[in-house]
Amino acid sequence: MSSFWVYLEIGLQHITDVQGYDHILFILALMATFSYKNFKQVVWLVTAFTLGHTITLGLSTLDIITINPDLVEKLIPVTILLVCVSNFFGVSKLTTGNRPSYIKNTKTYKKYYVEAVLFGLIHGLGFSNYLKALLGSESSIWEPLLAFNLGLEVGQILIVSICLLINNFIMKFTLLNQRDWNFFLTGGAFVSAVIILVN
């Protein structure tokens, strides 16, 4: 197996590893206000996050930027908390039949894309130490770096696809609405981020 596919698999395994659940929490918080009908927007959102962490992951791996790892570990849960707070104000109510639903306007979409890129920069620093340890014997980092980030992207899309399928089921077969879904995911991510931050 070529090194490209090895690093792609490593990236996929890294983002889906429950031991690295802080990054998964961020993805869940980021997509919490979106429904299964917004799959395309969510994919673009995840790609914006990938763009952000690719930049700092590359710069950090090349030792162009260095930041205290302990500080990065504290900043990551802070990004989750900020997205969670944003989620509680990111939707507006729309009555459809007998059930209320919740929608975003264009400005809200843009805000989420900006958040995804900016906070992705911080998460890239969180990935960097792990990737640096793997690249010790590599003569060139470009192919492994690309493959690793593609693996992260595939893993992130897998995570949101599963969540949106669950969202689809809930919206069709229960009395819950998008606001309930938002509060469930956002609330869980918020509490988990607080626990990470204080430990």
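Helices and strands here are runs assigned by DSSP, at least four residues for a helix and at least two for a strand, numbered from the N terminus. The model I am showing is predicted.

With that in place, the fold. The chain has seven helices and two strands. Going along the sequence, the order is α-α-α-α-β-β-α-α-α, so by that DSSP count the two strands follow α4 and come before α5.

Next, the chain as a whole. There are 199 residues, and 46% of them are buried. The accessible surface is about 10,300 Å². Carbon and sulfur atoms hold 68% of that surface. As for contacts, take the ones with a separation of 6 or more: 82% of these join residues 24 or more positions apart.

Now to the second largest pocket. It holds about 220 Å³ of space. Its lining has 15 residues, and those closest to the centre are Gln19, Asp22, His23, Glu73 and Ile76.

Which elements give two or more residues to this lining? They are α2, residues 21-31, α4, residues 69-87, α5, residues 106-134, and α7, residues 178-198. The largest share comes from α4, with four residues. Of the residues closest to the centre, Asp22 and His23 fall within the range of α2, while Glu73 and Ile76 fall within that of α4.

Last, what is the lining made of: how many nonpolar, polar and charged residues? The split is six nonpolar, six polar and three charged. Asp22 and Glu73, both closest to the centre, are of the charged kind, and Ile76 is of the nonpolar kind.

Notes: Residues are numbered from 1 along each chain as its sequence is written. This is a predicted model: local features need pLDDT of at least 70, side-chain atom pairs count only at pLDDT 80 or more; totals for chains, interfaces and linings use all residues. Side-chain values use heavy atoms; hydrogens and water are left out. On a 1 Å grid over the protein atoms alone, a cavity is a set of points where a 1.4 Å probe fits but cannot get out, and a pocket is an open set with protein on both sides within 12 Å along at least five of seven lines; lining residues have an atom within 4 Å of a point. Grid points are joined across faces, edges and corners, and a volume is the space filled by probe spheres set on the points. Buried means under 20% relative accessible area, exposed over 50%, partly exposed in between (1.4 Å probe, protein chains only). Contact means heavy atoms within 4.5 Å. Accessible areas come from the Shrake-Rupley method with a 1.4 Å probe; for residues, only the protein chains shown count as cover.
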